[in-house]
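Q: Could you take me through the charged side chains in this model, and then follow them out into the parts around them? Please give the cut-offs as you go, since I'd like to check things against the coordinates myself.

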Amino acid sequence: MSNLDHEVVRAIQESVREAGQTEKVAKRIEAWLNAMSASELSANDEQGYLENVRAAITVNVAGGSDED
């Protein structure tokens, strides 16, 4: 269960969806924010969460516009 406000979670999900990313990205961002709200994260922990989110992000490598 999330410690984050429902509106924050909804905003994360909406933003991720608008960016064309999967729900996995939203869940990983939510987990990161939950961890930060529960305790002071070390630099290594922060980097781990960041890498976890980055690994879930899909990048358009075809060179075209996302608007196409």
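A: Start with E51 and R54, which form a salt bridge whose closest N and O atoms are 2.9 Å apart. The term here means a side-chain nitrogen of Lys or Arg within 4 Å of a carboxyl oxygen of Asp or Glu. This is a predicted model, so local features need pLDDT of at least 70 and side-chain atom pairs count only at pLDDT 80 or more, while totals for chains, interfaces and linings use all residues. Residues are numbered from 1 along each chain as its sequence is written, and side-chain values use heavy atoms, with hydrogens and water left out.

Back to the pair. E51 and R54 both sit in helix 3, three residues apart, or about one turn of the helix. Helices here are DSSP runs of H or I with at least four residues, strands are runs of E with at least two, and both are numbered from the N terminus. The two partners fall in separate exposure classes: E51 is partly exposed at 34% relative accessible area, whereas R54 reaches 52% and counts as exposed. For those labels, buried is under 20% relative accessible area, exposed is over 50%, and partly exposed is in between, using a 1.4 Å probe and protein chains only.

Salt bridges that share partners also join E7, R10 and E14 into one network. On one side of it, E7 pairs with R10, with the closest N and O atoms 2.7 Å apart. On the other, R10 pairs with E14, and there the closest N and O atoms are 3.3 Å apart. The spacing follows helix 1 (residues 6–18): E7 and R10 are three residues apart in it, so about one helical turn separates them. R10 and E14 are four residues apart in helix 1, again about one helical turn. As for exposure, E7 is partly exposed at 43%, R10 is partly exposed at 38%, and E14 is partly exposed at 33%. By the salt-bridge rule, the count comes to four.

Now for a charged residue without a partner. E30 is buried yet has no salt bridge, and the nearest side chain of opposite charge, K27, is 6.0 Å away. For charge, Lys and Arg count as positive and Asp and Glu as negative, while His and the chain ends are not counted. E30 lies in helix 2 (residues 23–38). Leaving out residues up to four places away in sequence, E30 touches S2, L4 and V9, where contact means heavy atoms within 4.5 Å.

Some of those names come back with N34, which also lies in helix 2. N34 is buried at 14% relative accessibility, and beyond its neighbours within four places in sequence it is in contact with S2, N3 and L4. S2 turns up once more with A31, another residue of helix 2: A31 and S2 are 29 residues apart in sequence but 7.9 Å apart in space, C-alpha to C-alpha. A31 itself is partly exposed, at 36% relative accessibility.

A31 also belongs to the contact of helix 2 with helix 3. In helix 2, K24, V25, R28, I29, A31, W32, A35 and M36 meet E46, Y49, L50, N52, V53, A55 and A56 of helix 3. By class, that contact has eleven nonpolar, one polar and three charged residues. In that split, Ala, Val, Leu, Ile, Met, Phe, Trp, Tyr, Cys and Pro are nonpolar, Asp, Glu, Lys and Arg are charged, and the others, Gly among them, are polar. Helix 2 and helix 3 (residues 43–56) pack at an angle of about 170°, with axes 8 Å apart. The axes are lines fitted to C-alpha atoms over the stretch in contact, with angles from 0 to 180 degrees between N-to-C directions. Helix 2 and helix 3 are therefore roughly antiparallel, a label for angles over 145 degrees.

Past helix 3, T58 lies in the segment that follows and counts as exposed at 51%. T58 and T22 are 36 residues apart in sequence and 8.1 Å apart in space, C-alpha to C-alpha.

Zooming out, the chain has three helices and zero strands, and buried residues make up 21% of its 68 residues. Of the contacts with a separation of 6 or more, 48% come from residues 24 or more positions apart.

How values were computed. Angles under 35 degrees count as roughly parallel, over 145 as roughly antiparallel, 65 to 115 as roughly perpendicular and the rest as oblique.
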